[in-house]
Amino acid sequence: MTQHQRLLIIDFGSQVTQLIARRLRELNIYSEIRPFNTVTADTLREMAPQAVILSGSPASVTETDSPRVPQELFEMGVPVFGICYGQQVMMAQLGGRVEAGHHAEYGRAFISPAAGHKGDSIFAGLFETEREQVWMSHGDRVTELAPGFEIIGTSPNAPMAMIADEARHFYAVQFHPEVHHTPHGRKIFENFVKLAGFTGDWTMASYRDEAIATIRAQVGDRKVICGLSGGVDSSVAAVLIHEAIGDQLTCVFVDHGLLRLNEAEEVVSMFRDNYNIPLIHADESDLFLGALEGVSDPETKRKTIGKLFIDVFQKYANDIEGAEFLAQGTLYPDVIESVSFSGGPSVTIKSHHNVGGLPEKMGLKLVEPLRELFKDEVRALGRELGLPDSFIGRHPFPGPGLAIRCPGEITRDKLEILRKADAVFIDQIRKHGLYDEIWQAFVAILPVRTVGVMGDGRTYDYACALRAVTSVDGMTADYYPFSHEFLGETATRIINEVKGINRCTYDITSKPPGTIEWE
Ligand code: XMP
């Protein structure tokens, strides 16, 4: 267990629990999210958190068998902060009252300070204007405070929107301070952790040192295989593990022939030349493209690639004698256990793409040094490890690669055209200094030929779509508002420089309802 000061987040299944951890990480606080049904009085004693936060939930405390926390939590003498359902659980368990229904507030709401309070203790710094904007998402509300609590702030539909028991350091809010739409939510977390005595001792430099020590302890003098995709996660994992155990690590880079222009060469040279990491470059493009011949259904494409990937990886890994571990760049959002209410207290864990199922099949144990990190923290760790910024800042690239940017049948010709057009688009974006503002940008080659005129001749070539989106996590996205000048210039360049394309469109669909990729 980490030596850092620890904060425990008890998860009741809210959609935004991860954001609580996120806000705390920004304050250099180490936190762990545990599903409510795994938290017992024993785990509390064992983990000895310095403070506890209770999350929101889709459940209602007014229903029988709705989730609770061990009563011992409130007798440990540690500060507790309840959010939404967390507030209601505190009231239900500490002697207050919660009423169901008819009081729903969803979305933006405004809180006013209660008489005699203008933002004290963990709410200090709020109410600099008359009202404080917050984000609500609740059906039930507290109607009677538990003994010891007083009201700090109220909203039209939640008269007990902010409450506190200063003597015991228990605090609770009806709204969600962890989401972006509660502009001063961060301030509340900052006040809470300060009051709980946290010093902010969780930094990337300390994470790196601890991760290296953990890898050494886990692996000893045995061997590790790492599947490199060329993406940031697996690259950072590989460099970190190499720093820990040197040549006991071998990387396998499966090249499925669906990568961008020059991508395979760049990855190989970076790992072999710059880091001197033993690397197997498995060029299996013939195998993958052969299997994809005539396939146009998106799911069949994905499944074909996924299955072959596992076979190929296994084939190469089998040649690495004595390997006992498989390294994966699994991130925190992939491993957080989510709580299921419909199916009882069963727990679903999201599995990682690409190599899912491999460890069991090959009898390998997992090394997952990034499983406590969020994406931007992986980038920070990469910087700490000296990976070049140009590499760390790279846009995400999907496992199935260009296959899902080539609707309809995939042919080598189409892939070649797509690669060239994509390279021009990215070049344009870089030249205009827009790369870092964009979450992802790419070209999709469409299964449509259109008529054009170039010089004095008629052309009958492919149409392509440019796609560029802004996003924070890939879950929702909006199209990037390029200027018409930029779009015009890019279309002209693509059509002039890429033989095989004579028409260029810009995809202005957001997600939802669209997805980022075309398939
Ligand atoms: P969509 O298209 O679902 O994509 O809006 C969301 C994000 O996920 C990436 N993506 C994938 N990444 N394997 C991956 O590693 C996949 O099969 C896959 N499909 C989509 C996509 O590029 C975007 O960043």
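Colleague: How many aromatic pairs does the count come to?

Modeller: The count comes to 15 aromatic pairs. The model is predicted, and rings enter the count if their centres lie within 6.5 Å.

Colleague: Why is the pair of Phe-81 and Phe-192 called tilted?

Modeller: The ring centres of Phe-81 and Phe-192 are 5.4 Å apart and their planes meet at 45 degrees. Stacked needs planes under 30 degrees apart and edge-to-face needs over 60. The angle of 45 degrees meets neither condition, so the pair is tilted.

Colleague: Which parts of the chain does the pair link?

Modeller: Distant ones: Phe-81 belongs to strand E4 (residues 80–83) and Phe-192 to helix H4 (residues 185–195), with their positions 111 residues apart.

Colleague: How do you know that strands E12 and E15 pair?

Modeller: Pairing requires at least two bridges. E12 (residues 223–228) and E15 (residues 323–327) have four, in the parallel sense, so the condition is met. Lys-223 is placed opposite Ala-323 of E15.

Colleague: What makes E12 and E13 a pair?

Modeller: Five bridges, again in the parallel sense, connect E12 to E13 (residues 249–255). Two would be enough, so E12 and E13 pair. Val-224 has Leu-249 of E13 as its bridge partner.

Colleague: Which elements make the β-α-β unit, and what is its hand?

Modeller: E12, helix H6 (residues 232–245) and E13 make the unit, and the unit is right-handed. With the strands pointing away from the viewer, the path from E12 over H6 to E13 therefore runs clockwise.

Colleague: What makes Lys-511 a polar contact of the ligand?

Modeller: A side-chain N or O atom of Lys-511 is 2.6 Å from a ligand oxygen atom. The limit is 3.5 Å, so this is a polar contact. Backbone N or O atoms also qualify: one of Ile-516 is 2.7 Å from a ligand oxygen atom, and one of Gly-399 is 3.1 Å from a ligand oxygen atom.

Colleague: How much of the ligand does the protein bury?

Modeller: The protein buries 76% of the 500 Å² that the ligand exposes when taken alone.

Colleague: How many residues surround the ligand, and which are the closest?

Modeller: There are 12, and the closest are Arg-302, Gln-440, Lys-511, Ile-516 and Glu-517. By class, four residues of the shell are nonpolar, five polar and three charged.

Colleague: What is omega at the cis peptide bond that joins Lys-511 and Pro-512?

Modeller: About -15 degrees. A cis peptide bond also joins Pro-512 and Pro-513, where omega is about 10 degrees. Pro-512 sits in the segment after strand E22 (501–506), and Pro-513 is in the segment after E22 too.

Colleague: What is phi of Asp-65, and where is Asp-65 placed?

Modeller: Phi of Asp-65 is near 70 degrees, a positive value in a residue other than glycine. Asp-65 is in the loop between strand E3 (51–54) and E4.

Notes:
Residues numbered from 1 in each chain as written. Predicted model: local features only at pLDDT ≥ 70, side-chain atom pairs only at ≥ 80, totals over all residues. Heavy atoms only, no water. Near = heavy atom within 4 Å. Polar contact = N/O pair within 3.5 Å; in protein donor to acceptor, adjacent residues only side chain to side chain. Areas by Shrake-Rupley, 256 points an atom, 1.4 Å probe, with all protein chains shown as cover. Nonpolar A, V, L, I, M, F, W, Y, C, P; charged D, E, K, R; others polar. Phe/Tyr/Trp six-rings, centres within 6.5 Å; stacked < 30°, edge-to-face > 60°.
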